[in-house]
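Student: I have the sequence and the model open. Please take me through one part of it closely, then place that part in the rest of the chain.

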Amino acid sequence: MLQVTKRLQEGISLVNATDINKVNGLLSRVCASLCSGHSQAAHGMVRPAFLGEQLQACEMTSDKASIFVEHWTTNAKQIVETLRQRSLSAKQLADISWDLHLKTASSGCARQTHPIAHLQLSLSSCKEPSSTKMGPMESLVMQFDQDQLYQLYDQMEQIQANLDALR
């Protein structure tokens with residue numbers, strides 16, 4: 001559902017005041033740019049009929065809303081797929097390595113141990129936000145005691161559960 005803001009209302013007023021051929025040409029260029037991956041944008045699918053209803057509810061004229069719906073119907077699948085393949089982050093996880101260090105206590109408390117985990121994340125930088133080409137690698141090392149490692153594990157489990165719920 002479109003959230004009607006002052007900027008959206010101003011934009012709709014501009015679209016309504018613009019010749020339909022110019023709106024059609026502009027939408028063709030915007031869709032071509034999004035399909036080729038030259039822009040950052042949020043992505044999600046919306047049914048064309050619903051888009052038309054929402055635009056008209058925001059007081060866009062029906063002929064201009066029809067042009068938007070026509071372009072969305074033609075290009076939506078390719079636009080959304082192109083945007084989904086791109087990362088929104090400047091850094092990508094390339095590799096993970098870890099090791100475990102075990103500190104033992106003094107000779108008086110030989111059974112007491114303090115495990116420390118080191119987690120090394122290798123991150124690659126995208127050369128540009130819209131690019132899939134990777135740049136130089138960067139390494140991030142984190143150290144966890146047993147309680148911190150359990151907390152990390154619990155958070156990762158929650159993330160995985162949320163990802164599974166999306167499927």
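Tutor: Start with K91. This residue is partly exposed, because its relative accessible area is 37%, and partly exposed covers values between 20% and 50%. Keep in mind throughout that this is a predicted model.

K91 has a partner. It forms a salt bridge with E138, and the closest N and O atoms are 2.3 Å apart. The two residues come from distant parts of the chain: K91 sits in strand 1 (residues 91-104), E138 in strand 3 (residues 134-144), and 47 residues separate them. E138 is partly exposed too, because its relative accessibility is 38%. The structure holds one salt bridge, and this is the pair that forms it.

Stay with strand 1 and move along to L102. L102 counts as exposed because its relative accessible area is 56%, and the cut-off for exposed is over 50%. It still has partners further along the chain. Neighbours within four places in sequence aside, L102 is in contact with T113, H114 and P115. For H114, the C-alpha atom is 5.8 Å from that of L102, although the two residues are twelve apart along the chain.

Now step back to the whole chain. It has five helices and three strands. Their order along the sequence is α-α-α-α-β-β-β-α. Strand 1 therefore follows four helices in that pattern.

Go to helix 4, residues 62-85. Its 24 residues reach 33 Å from first C-alpha to last, close to the 34 Å expected at 1.5 Å a residue. Even so, helix 4 has a kink of about 60°, centred on N75. N75 is also one of the buried residues of this helix; the others include K64, W72, I79 and L83. What do the buried residues of helix 4 pack against? Their partners are helix 1 (6-17), helix 2 (20-35) and helix 3 (48-57).

H71 gives a close view of that packing. It lies in helix 4. H71 is buried because its relative accessibility is 10%, and the limit for buried is under 20%. With neighbours within four places in sequence left aside, its contacts are N24, L27, S28, C31 and A76.

Just ahead of helix 4 comes E59, in the loop between helix 3 and helix 4. Its phi is positive, about 75°, although E59 is not a glycine. E59 counts as exposed because its relative accessibility is 66%.

Helix 5 (residues 146-166) holds L163. L163 is partly exposed, because its relative accessible area is 43%. Together with M156, I159 and L166, L163 makes a nonpolar surface patch of about 440 Å². The spacing of such residues fits a general rule: an α-helix has 3.6 residues a turn, so residues three or four places apart point the same way.

Last, the totals. Of the 167 residues in the chain, 24% are buried. The chain exposes about 12400 Å², with carbon and sulfur atoms supplying 54% of that area. Among contacts with a separation of 6 or more, 60% are between residues 24 or more positions apart. The K91 and E138 pair, 47 residues apart, is a link between distant parts of the chain.

Note on methods: Residues are numbered from 1 along each chain as its sequence is written. This is a predicted model: local features need pLDDT of at least 70, side-chain atom pairs count only at pLDDT 80 or more; totals for chains, interfaces and linings use all residues. Side-chain values use heavy atoms; hydrogens and water are left out. The expected span of a helix is 1.5 Å times one less than its number of residues. The bend at a residue is the angle between axes fitted to the seven residues ending there and the seven starting there. Buried means under 20% relative accessible area, exposed over 50%, partly exposed in between (1.4 Å probe, protein chains only). Contact means heavy atoms within 4.5 Å. Patches are made of residues with over 30% relative accessible area and no salt bridge: like charges are joined within 9 Å, nonpolar side chains (Val, Leu, Ile, Met, Phe, Trp, Tyr) within 5 Å. Accessible areas come from the Shrake-Rupley method with a 1.4 Å probe; for residues, only the protein chains shown count as cover. A salt bridge is a side-chain nitrogen of Lys or Arg within 4 Å of a carboxyl oxygen of Asp or Glu.
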